[in-house]
Amino acid sequence: MTSTQGRAGTPGNTTHAGTTQASTTQGSANDVILSRIAEALTWTGRYVERADATGRILDAYLHRLLEDPWRDEDVACRSLYAILGVDAGTDPVDMQQVLDHLAFDARSTCAIEGALGAARLNARSAREAVSSEMWECLNSTWHALADQRLAARRTGPYAYLELVRRRAALFFGLADSTMSRDDSWRFVVLGRSLERVDMTVRLLSVRVLDAPHAPDWPTLLSASGADEAYARVYGGFGDTARVAEFLIMDREFPRSVLHALTTAEECLAALGRPRQDPARRPIGRMRTRLEYLDSTALEDVLPSLLGELQASCMASAEAVAERFFPYQGPVEWAQEGA
């Protein structure tokens, strides 16, 4: 992926010099193309995972409000904003405002529609690296969102959120079943894994802060898609801090932090990154720490641990960008309808 370093031709040997210069230019152009494809694949994985996680969180909160009509809607909405890092302001907030900002806003990649739109544009720019079925999945999902959005305003957002969850699962299933296990697949999975850690840490951080708008443990489990898996392991639904242990340290659950870190490290290792590489080192360090962390001490170290996890993922993502996407200048993907 790095730029090819060519040697200048010797004076008087114009044919050789011209050939070398042309080869160098061609090699650099190819490296830029490969870098942009790698970046597009990584962000495709991240954006689809972000849309999926945001849809699960919104669905969990909506169901809790239906089950408990006496629950303070403003408090629940502020909890949602806190999880996703959005300033709720001082005015009262209702669920329709939340849906407009976090689900239906096509201009923001923090919203479901914006994230899926960005994933589609990135997949289109890396069209030769993704399978036709993956592209069709994203493209058809994007075109279905407008009708689902209109229906959501009339009958509620549940069908909209279900579509997002099902299509995200379909997309990653197609990636696993239709892509060769080459670097293209690894960049998609790496992006998904880093985003998955970030979203899980965000959920837990709001709960650990114990703010007035913090979600309860069952809501947090449901928002992580972990309620049934947790029930099978512990024989009941979560109402204790053991939920944090499950979401962080469980080796078998694919949405746990430890599982996602392990997957990300495996991708980086397969991409040829040594253990001391700036991209792999923070991921491996946190993965090793979680592997050997005493679960009885988790509650005491949880606030600092969550901060370290988020910082490690950010450091790894920045190092991946510096190593694999080294071209100069921003990339401006064409915006349809702009």
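This is a short exchange about helix packing and empty space in a predicted model.

Colleague: Why are α7 and α11 called roughly antiparallel?

Modeller: Their packing angle is about 150°. Angles over 145 degrees count as roughly antiparallel. Therefore α7 and α11 are roughly antiparallel to each other. Their axes lie 9 Å apart, and α7 passes α11 in a left-handed crossing.

Colleague: What makes this a contact between α7 and α11?

Modeller: Contact means heavy atoms within 4.5 Å. From α7, the residues that meet α11 include D183, R186, L190 and T200. On the α11 side, V257, L261, C267 and A270 are among them. By class, the contact has ten nonpolar, three polar and three charged residues.

Colleague: What makes the largest cavity a cavity and not a pocket?

Modeller: In a cavity, a 1.4 Å probe fits but cannot get out, whereas a pocket is open. The search of the whole structure finds two cavities of 30 Å³ or more. The largest has a volume of about 80 Å³.

Colleague: How do you know which residues line the largest cavity?

Modeller: A lining residue has an atom within 4 Å of a cavity point. For the largest cavity, these are E49, A53, R56, R196, M199, T200, L203, A223, S224 and R255. The elements giving two or more residues are α1 and α7. The largest share, four residues, comes from α7.

Colleague: What makes four residues of that lining charged?

Modeller: Asp, Glu, Lys and Arg count as charged. E49, R56, R196 and R255 are in the lining of the largest cavity, and its charged count is four. Four nonpolar and two polar residues complete the lining by class.

Colleague: How do you know that the second largest cavity has a mainly nonpolar lining?

Modeller: Its lining divides into seven nonpolar, one polar and one charged. Val, Leu, Cys, Ala and Phe are among the types that count as nonpolar. V48, L116, C137, A168 and F171 are among the lining residues. About 40 Å³ of space lies in this second largest cavity. α6 gives the most to its lining, with four residues.

Colleague: What makes up the lining of the second largest pocket?

Modeller: By class, eight nonpolar, two polar and six charged residues. The pocket holds about 310 Å³ of space. Of its 16 lining residues, the closest to the centre are R46, R50, E195, D198 and R202. Arg, Glu and Asp count as charged. α1, α7 and α13 each give two or more residues to the lining of this pocket.

Notes
Residues numbered from 1 in each chain as written. Predicted model: local features only at pLDDT ≥ 70, side-chain atom pairs only at ≥ 80, totals over all residues. Heavy atoms only, no water. 1 Å grid on protein atoms, 1.4 Å probe; cavity = no way out; pocket = protein on both sides within 12 Å on 5 of 7 lines; lining within 4 Å. Points joined across faces, edges and corners; volume = space filled by probe spheres on them. Axes fitted to C-alpha atoms, helices over the stretch in contact; angles between N-to-C directions. Parallel < 35°, antiparallel > 145°, perpendicular 65-115°, else oblique. Left-handed = near helix turned anticlockwise from the far one by under 90°.
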